Amino acid sequence: MLFIPNSYVFIVGGSTKAVEMYNIDKKTITIDSELNEERREPTLCCVNNSILYAFCGFIENDCHSNTIERCNLRHGMRKWSFVNYNTSDAAMFEQCYYIASYFSDNSIILFACCENKKPDEEMPANILFDFENEDNPFLETYNSDINIMESCPEKFFMPMANNKSLLFPLTSSIV
């Protein structure tokens, strides 16, 4: 789910392609649109107050997805489309979850989240998704000392102030 100020929560993913929209003011849930593929626990991020991205997720009884879909929230009849991205280096989506954070006006960092990583395993790379050119976005490896190894049902850093965002991971069964 992702809150879109000031009145909506988009519910994307699960065992269906259906995307639901919760209208906070009316307290109603409606079917809004449909994804091109089922994706459980995708990472969601809204940019420029209009484009909603769904990154990766996993396919039930299969593996993690390496696809991205987007839709324009300003269209009355929303249609999701696959994003054809390029890479500027060896960047690739790996078998893990990602947590999104705004990085600049035109880019998002996707932090790899490895809650089941063994100590001798290498961490998957963090990804910088640059969408300055919407028709030709690209991925590149984002080098960082930050490794997220907690269970993170929340997949989005909440912007709090200029250059400051917070993530609230679930680190135990007690909230």
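Me: Which order do the strands of the open four-stranded sheet follow?
Reply: Happy to start there, and please keep in mind that this is a predicted model. The sheet is open and its four strands pair in the antiparallel sense. Strands β5 and β8 each pair on one side only, as edge strands. Reading across the sheet, the order is β5-β6-β7-β8.

Me: How many bridges join β5 to β6, and how many residues lie between them in the hairpin?
Reply: These two strands run antiparallel, with five bridges joining them. One facing pair to look for is V47 opposite I51 in β6. In the turn you will find N48, with a positive phi of about 55 degrees. The hairpin has three residues between β5 and β6.

Me: Which residue of β7 stands opposite L52?
Reply: Strand β6 covers residues 51-55 and pairs with β7 over five bridges. The pairing is antiparallel, and F55 stands opposite I68 in β7. For L52, the residue standing opposite in β7 is C71.

Me: How many of the residues of β6 are buried?
Reply: Let's take the strand one face at a time. On one side I51, Y53 and F55 are buried, and on the other side so are L52 and A54. Both faces of β6 are therefore covered. The count of buried residues in β6 is five of five.

Me: Now to the charged side chains: which residue forms a salt bridge with D32, and why does the pair tie together parts that are apart in sequence?
Reply: The structure holds three salt bridges, and in this one the closest N and O atoms are 2.6 Å apart. D32 lies in strand β4 (residues 28-34), while its partner lies in the loop between β7 (68-72) and β8 (81-82), so the pair ties together parts that are 46 residues apart in sequence. Both partners are buried. The partner of D32 is R78.

Me: Is E37 buried or exposed?
Reply: E37 meets R39 in a salt bridge, with 3.0 Å from N to O. The relative accessible area of E37 is 18%, and the cut-off for buried is under 20%. Because 18% falls under that cut-off, E37 counts as buried.

Me: Which residues do salt bridges that share partners join into one network?
Reply: R39 forms a salt bridge with E37, and E69 forms one with R39, the closest N and O atoms being 3.0 Å apart. That second pair links distant parts of the chain, with E69 in strand β7 and R39 in the loop between β4 and β5 (43-47), 30 residues apart. R39 is buried at a relative accessible area of 0%, and E69 is buried at 0% as well. The network consists of E37, R39 and E69.

Me: Which strand supplies the largest share of the lining of the largest pocket?
Reply: The largest pocket has a volume of about 1100 Å³. Of its 41 lining residues, the closest to the centre are L2, L44, Y102, F156 and P159. Several strands supply at least two lining residues each, among them β1 (2-4), β5 and β11 (107-113). The largest share, four residues, comes from β10.

Me: How many residues in the lining of the largest pocket are nonpolar?
Reply: Here the lining is sorted by residue class. There are 11 polar residues and six charged ones. The nonpolar residues in the lining number 24.

Conventions. Residues numbered from 1 in each chain as written. Predicted model: local features only at pLDDT ≥ 70, side-chain atom pairs only at ≥ 80, totals over all residues. Heavy atoms only, no water. Salt bridge = Lys/Arg side-chain N within 4 Å of Asp/Glu carboxyl O. Buried < 20%, exposed > 50% of the residue type's maximum accessible area, 1.4 Å probe, protein only. Pairing = 2+ DSSP bridges. 1 Å grid on protein atoms, 1.4 Å probe; cavity = no way out; pocket = protein on both sides within 12 Å on 5 of 7 lines; lining within 4 Å. Points joined across faces, edges and corners; volume = space filled by probe spheres on them. Nonpolar A, V, L, I, M, F, W, Y, C, P; charged D, E, K, R; others polar.
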